[in-house]
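I opened the model today to see how the chain is put together, and I kept notes in the order in which I looked things up.

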Amino acid sequence: MLPHDRPVSSRTGTCLKALFALGAVYAGLAVACQAAATHLPDVHFPVPGGRQMMHMAADIALWHGIALCALTLGSRQLHPLRLVIGCIGLATGTALFSIPVTLHGFGILFPARLAPSGGTLIILSWFCVASAALFRSRRSRP
């Protein structure tokens, strides 16, 4: 067994399964949002560029939903704690970005202030996920 091919703990495994499911939910909701943004009449988008905002939010949710599914499947080759932290950050950041941007597209302006925090969290989480591939846990070292 290679050092990175170690089994994950049951608690970590449960968390990763939940993150996989959340990623799949994000992807499904993103497709629904893309369809709504494509087919709803203009009257539903009172903010200039609202339709484009909804498409952008759905794109972020779709790609990060797919990424969550893929990352959790690769958990045996990555540092488990760094992967879980990174994936939780991706899931949270995606929600903090996509939901406010979508609502802003519909003219609900207040939560749009959360989008930059979500975007920043997504960026930092990707760095955390990258570190999961570069570092091993102490338990796995010879």
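How many helices and how many strands does the secondary structure of the chain come to? I noted first that this is a predicted model, and then I counted four helices and zero strands, which follow one another along the sequence in the pattern α-α-α-α.

**Entry on the whole chain.** I looked up burial and found that buried residues make up 42% of the 142 residues in the chain. For the surface I noted about 8,100 Å² exposed by the chain, with carbon and sulfur atoms supplying 72% of it. I then turned to contacts between residues at least 6 apart in sequence, and 75% of these join residues at least 24 apart.

**Entry on α1.** I took helix α1, residues 10-39, and checked its length against expectation: at 1.5 Å a residue its 30 residues should span 44 Å, and because the end C-alpha atoms are 43 Å apart, the two values agree. I listed its buried residues, among them Thr12, Gly13, Leu16, Leu19, Gly23 and Tyr26, and I found that what covers the buried residues of α1 includes α2 (50-73) and α3 (80-105). I kept in mind that an α-helix has 3.6 residues a turn, so residues three or four places apart point the same way. On the surface I found a nonpolar patch of about 240 Å², made by Leu22, Val25 and Leu29, and I noted that Leu29 has its place in α1.

**Entry on the core.** Which residues touch the most other members of the largest nonpolar core? I found that, of its 20 residues, these are Leu68, Leu71, Leu83, Cys87, Leu90 and Val101. I saw that α1, α2, α3 and α4 (115-134) each supply at least two residues of this core, while the largest share, seven residues, comes from α3. I followed Leu83 further and, leaving aside residues up to four places away in sequence, noted that Leu83 touches Leu16, Leu71, Ser75, Leu78 and Ala132.

**Entry on charges.** I searched the whole structure for salt bridges and found one, in which the side chains of Asp42 and Arg51 meet at 2.5 Å, N to O. Side chains of opposite charge can pair when their charged atoms come close. Are the two partners buried or exposed? I wrote down Asp42 as exposed, with a relative accessible area of 58%, whereas Arg51, at 18% relative accessibility, counts as buried, because the cut-off for buried is under 20%.

Terms used:
Residues are numbered from 1 along each chain as its sequence is written. This is a predicted model: local features need pLDDT of at least 70, side-chain atom pairs count only at pLDDT 80 or more; totals for chains, interfaces and linings use all residues. Side-chain values use heavy atoms; hydrogens and water are left out. Patches are made of residues with over 30% relative accessible area and no salt bridge: like charges are joined within 9 Å, nonpolar side chains (Val, Leu, Ile, Met, Phe, Trp, Tyr) within 5 Å. Accessible areas come from the Shrake-Rupley method with a 1.4 Å probe; for residues, only the protein chains shown count as cover. A salt bridge is a side-chain nitrogen of Lys or Arg within 4 Å of a carboxyl oxygen of Asp or Glu. The expected span of a helix is 1.5 Å times one less than its number of residues. Buried means under 20% relative accessible area, exposed over 50%, partly exposed in between (1.4 Å probe, protein chains only). Contact means heavy atoms within 4.5 Å. A nonpolar core is a set of buried Ala, Val, Leu, Ile, Met, Phe, Trp, Tyr and Cys residues joined through side-chain atoms within 4.5 Å.
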